[in-house]
Amino acid sequence: MSHSRRIVPSSTGTGGALARDEEFYVAFITFRVGDLLFRVPRKPFEEKSTAFSDMFKLPQSGPGNDSYNVCSDEDPLRLVGIDQQDFRSFLKVLLRNESPAKLNMSINEWIGALRLATMWDFDAERRKSIDVLDELLDEGALIRKLSIAREFGIQQWLQPICEELTTRTATLAPDQARQLDLGFLDSIHLAREAHLKSILYHIVTKYLQPVCFCGGDLSADRRAVVRSPEWYFQCDSDACKREFTIGDAIRMSPHISKTDIQEDLGQIANSMLVQRLMKSSI
Ligand SMILES: [Zn+2]
């Protein structure tokens with residue numbers, strides 16, 4: 001047990017410096033966050049975070065400072081721009097070796113811990129916070145989860161959330177949309193449109209099977225359907241090659257009642273849009 005030295009009195013026993021046990025002589029550090037002091041073991045900060053280990057390599061000087069006890073109450077290490085509650089939450093995750101249930105922290109407290117773990121590169125504490133938040137944030141909190149994933153760069157959340165937003169039937173509620181920036185909203189709408197277009201493409205080509213005036217089948221390039229803003233069906237007959245819009249192609253299906261589809265395609269979407277525009281201009 002070479003790392004666990006005994007504390008040996010100096011040879012005279014009358015006041016020389018004593019050795020300190022390497023394992024059980026705990027070094028502390030004092031932080032100042034706002035107007036509050038925190039005094040905690042220094043080792044986890046040194047060992048787990050390059051941000052802090054680099055800081056602690058700096059020579060310490062001044063009254064009360066030595067290589068074990070860095071910073072005194074009079075001269076604490078000041079953490080600027082840090083929220084006290086965030087820091088307290090982070091310390092619970094870092095220093096209390098307890099299960100998440102025993103820590104009994106709220107969602108906001110876990111977000112605070114995640115914020116500082118991310119800022120200072122504490123990998124294990126970041127992973128733990130992400131895992132717990134994943135459990136705590138249920139399906140109803142999709143948009144909140146999305147904003148947390150974007151703020152803290154949680155890649156493993158983004159893929160399933162974006163998939164859900166793109167493929168689910170429900171559109172975003174107005175209060176959900178207000179939480180997102182316009183550029184991202186635009187991307188969601190484009191992804192949803194591409195998704196719905198690909199569904200429509202399959203329905204039209206597999207079930208409606210539209211036929212051209214000349215008797216040729218109408219088909220479309222599947223990739224163009226999803227990716228390009230313009231989307232045309234083309235007659236397969238080499239002698240014809242006429243192009244039709246999706247609306248026209250649907251009307252040209254032998255399986256569709258002309259009256260119904262005229263009603264649906266021509267009026268429903270348009271009247272919804274007109275109503276919306278009327279509302280927003282009031
Ligand atoms: Zn044709």
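**Around Leu114 and helix 6**

Me: Leaving aside its neighbours within four places in sequence, which residues is Leu114 in contact with?
Reply: This is a predicted model, where local features need pLDDT of at least 70, side-chain atom pairs count only at pLDDT 80 or more, and totals for chains, interfaces and linings use all residues. Residues are numbered from 1 along each chain as its sequence is written. Two residues are in contact if their C-beta atoms, placed from the backbone, lie within 7 Å. Skipping neighbours within four places in sequence, Leu114 has these contacts: Arg126, Ser129, Ile130, Leu133 and Phe152.

Me: Which helix gives the most to the largest nonpolar core?
Reply: A nonpolar core is a set of buried Ala, Val, Leu, Ile, Met, Phe, Trp, Tyr and Cys residues joined through C-beta atoms within 7 Å; buried means 20 or more other C-beta atoms within 10 Å of a residue's own, exposed means 12 or fewer, and partly exposed is in between. The largest core has 20 residues, and those touching the most other members include Leu114 and Leu133. Helix 3, helix 5, helix 6 and helix 7 each supply at least two residues of it; helices (H or I, at least four residues) and strands (E, at least two) are DSSP runs, numbered from the N terminus. With 6 residues, the top giver is helix 5.

Me: Why are the buried residues of helix 6 on the same side?
Reply: In helix 6, the buried ones are Glu125, Arg126, Ser129, Val132 and Leu133. They sit on the same side of helix 6 because the arc they cover around the axis, taken from the directions from the helix axis to the C-beta atoms, is only 135°.

Me: Which residues are exposed on the other side of helix 6?
Reply: The buried residues of helix 6 pack against helix 3 (84–95), helix 4 (100–103), helix 5 (107–119) and helix 7 (142–151). Over on the other side, the exposed ones are Asp123, Ala124, Arg127, Asp131 and Glu135.

Me: Which are the edge strands of the sheet with the order 2-1-3?
Reply: That open sheet has 3 strands and mixed pairing, and two strands pair if DSSP finds at least two bridges between them. An edge strand pairs on one side only, and here those are strand 2 (36–41) and strand 3 (77–78).

Me: What is the bridge partner of Tyr232 in strand 6?
Reply: Strand 5 (residues 232–235) and strand 6 run antiparallel, joined by 3 bridges. In strand 6, Tyr232 has as its partner Thr245.
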